[in-house]
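Work through the exercises below with the sequence and the structure at hand. Each task is followed by a solution in steps.

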Amino acid sequence: MDFYFKELKSNSEISQFWEKKRQYEESDIFPNLPESGAELDEIVEWFRSSEYYELIMDLHNSPTEGDSQLEFVFIYNNQQEYVGFTTYKIYYSEDSKAFILDFCIDKPFRNQGVGSRVVSELKNYLKAKNALYIALNSSNEHNQQFWQNQGFIPQDVDENGEVIYFCVL
């Protein structure tokens, strides 16, 4: 099965992205975070805040000079079925790093090898856009194992203490 990536441009498409992202956060991200109590509430509040939304939209609408804008992307299979979404930004001005902010495979397509095949095609897609490597954070142990199985190696820690995974293209 082949997959293709549709970069979302219109306001309507981007609104659809935000709906999918919010559903994914509610059903998959927030319930699986290791934090609890007030710490979890703070994380959820941040991701639901207008400040977070504006930050993400600014990365999309106002890219820094020499870098790509943040791309919102829907993933479809060759039967034109929606499979999931991703967001990424390529930092050409630094070292041509493609940073993946979000990656979601829709529930009906999980645990069938679809995610691994999509990642393989996403690597080729980003390489064709002149990215040299991919970096990302992962929210939980299950996702960390998934990314390591795709060839991503934990190599750094960000300012929040989160592990950053890298994969050379």
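A polar contact is a pair of N or O atoms within 3.5 Å; within protein, one atom must be able to donate a hydrogen and the other to accept it, and residues adjacent in sequence count only if both atoms are side-chain atoms. The model used throughout is predicted.

**Exercise 1. Place Ser49 and find the partner of its side chain.**

Step 1. Ser49 is found in the loop between H2 and H3.

Step 2. Buried means under 20% relative accessible area. Ser49 has a relative accessible area of 18%, so Ser49 is buried.

Step 3. A polar atom of the Ser49 side chain lies 2.7 Å from the backbone oxygen of Trp46.

**Exercise 2. Describe how the two helices on either side of that loop pack.**

Step 1. Two packed helices are described by the angle between their axes and the distance between the axes.

Step 2. For helix H2 (residues 37-48) and H3, the angle is about 50° and the axes are 4 Å apart.

Step 3. Angles under 35 degrees count as roughly parallel and 65 to 115 as roughly perpendicular, with oblique for the rest up to 145. H2 and H3 are therefore oblique to each other.

Step 4. On the H2 side the contact is made by Trp46, Phe47 and Arg48, and on the H3 side by Ser50, Glu51, Tyr52 and Leu55.

Step 5. By class, the residues of the contact of H2 with H3 are 4 nonpolar, 1 polar and 2 charged.

**Exercise 3. Repeat the analysis for H1 and H3, and give the handedness of the crossing.**

Step 1. Helix H1 (residues 11-29) packs with helix H3 (residues 50-61) at an angle of about 135°, and their axes are 13 Å apart.

Step 2. That angle makes H1 oblique to H3.

Step 3. The crossing of H1 and H3 is right-handed.

Step 4. From H1, the residues Ile14, Trp18, Lys21 and Arg22 meet Tyr52, Tyr53, Ile56, Met57 and His60 of H3.

Step 5. The contact of H1 with H3 has 6 nonpolar residues, 1 polar and 2 charged.

**Exercise 4. Is Asn77 buried or exposed, and which residues does Asn77 contact beyond its neighbours within four places in sequence?**

Step 1. Asn77 sits in strand S2 (residues 71-77).

Step 2. With a relative accessible area of 0%, Asn77 is buried.

Step 3. Leaving aside neighbours within four places in sequence, the contacts of Asn77 are Met1, Asp2, Phe3, Tyr4, Val83 and Phe109.

Step 4. The side chains of Asn77 and Glu81 are joined by a polar contact of 2.6 Å.

**Exercise 5. Locate Ser93 and trace its contacts.**

Step 1. Ser93 belongs to the loop between strand S3 (82-91) and strand S4 (97-105).

Step 2. Ser93 has a relative accessible area of 48% and is therefore partly exposed.

Step 3. Not counting residues up to four places away in sequence, Ser93 touches Glu65, Gly66 and Asp67.

Step 4. With the side chain of Asp67, the side chain of Ser93 makes a polar contact of 2.8 Å.

Step 5. Ser93 and Ile75 are 18 residues apart along the chain, and their C-alpha atoms are separated by 27 Å.

**Exercise 6. Give the surroundings of Tyr133.**

Step 1. Tyr133 is placed in strand S5.

Step 2. Its relative accessibility is 15%, so Tyr133 counts as buried.

Step 3. Not counting residues up to four places away in sequence, Tyr133 touches Asp95, Ser96, Lys97, Ala98, Phe166, Cys167, Val168 and Leu169.

Step 4. A polar contact of 2.7 Å joins the Tyr133 side chain to that of Asp95.

Step 5. From C-alpha to C-alpha, Tyr133 and Gly84 are 22 Å apart in space, with their positions 49 residues apart in sequence.

**Exercise 7. Describe the backbone and exposure of Asn111 and Asn130.**

Step 1. Asn111 lies in the loop between S4 and helix H4 (114-128). Asn130 is in the loop between H4 and strand S5 (133-137).

Step 2. Phi of Asn111 is near 60°, a positive value in a residue other than glycine. Asn130, not a glycine either, has a positive phi of about 70°.

Step 3. Exposed means over 50% relative accessible area. Asn111 therefore counts as exposed at 79%, and Asn130 is exposed at 56%.

Definitions and conventions:
Residues numbered from 1 in each chain as written. Predicted model: local features only at pLDDT ≥ 70, side-chain atom pairs only at ≥ 80, totals over all residues. Heavy atoms only, no water. Axes fitted to C-alpha atoms, helices over the stretch in contact; angles between N-to-C directions. Helix = DSSP H or I, 4+ residues; strand = E, 2+ residues; numbered from the N terminus. Left-handed = near helix turned anticlockwise from the far one by under 90°. Contact = heavy atoms within 4.5 Å. Nonpolar A, V, L, I, M, F, W, Y, C, P; charged D, E, K, R; others polar. Buried < 20%, exposed > 50% of the residue type's maximum accessible area, 1.4 Å probe, protein only.
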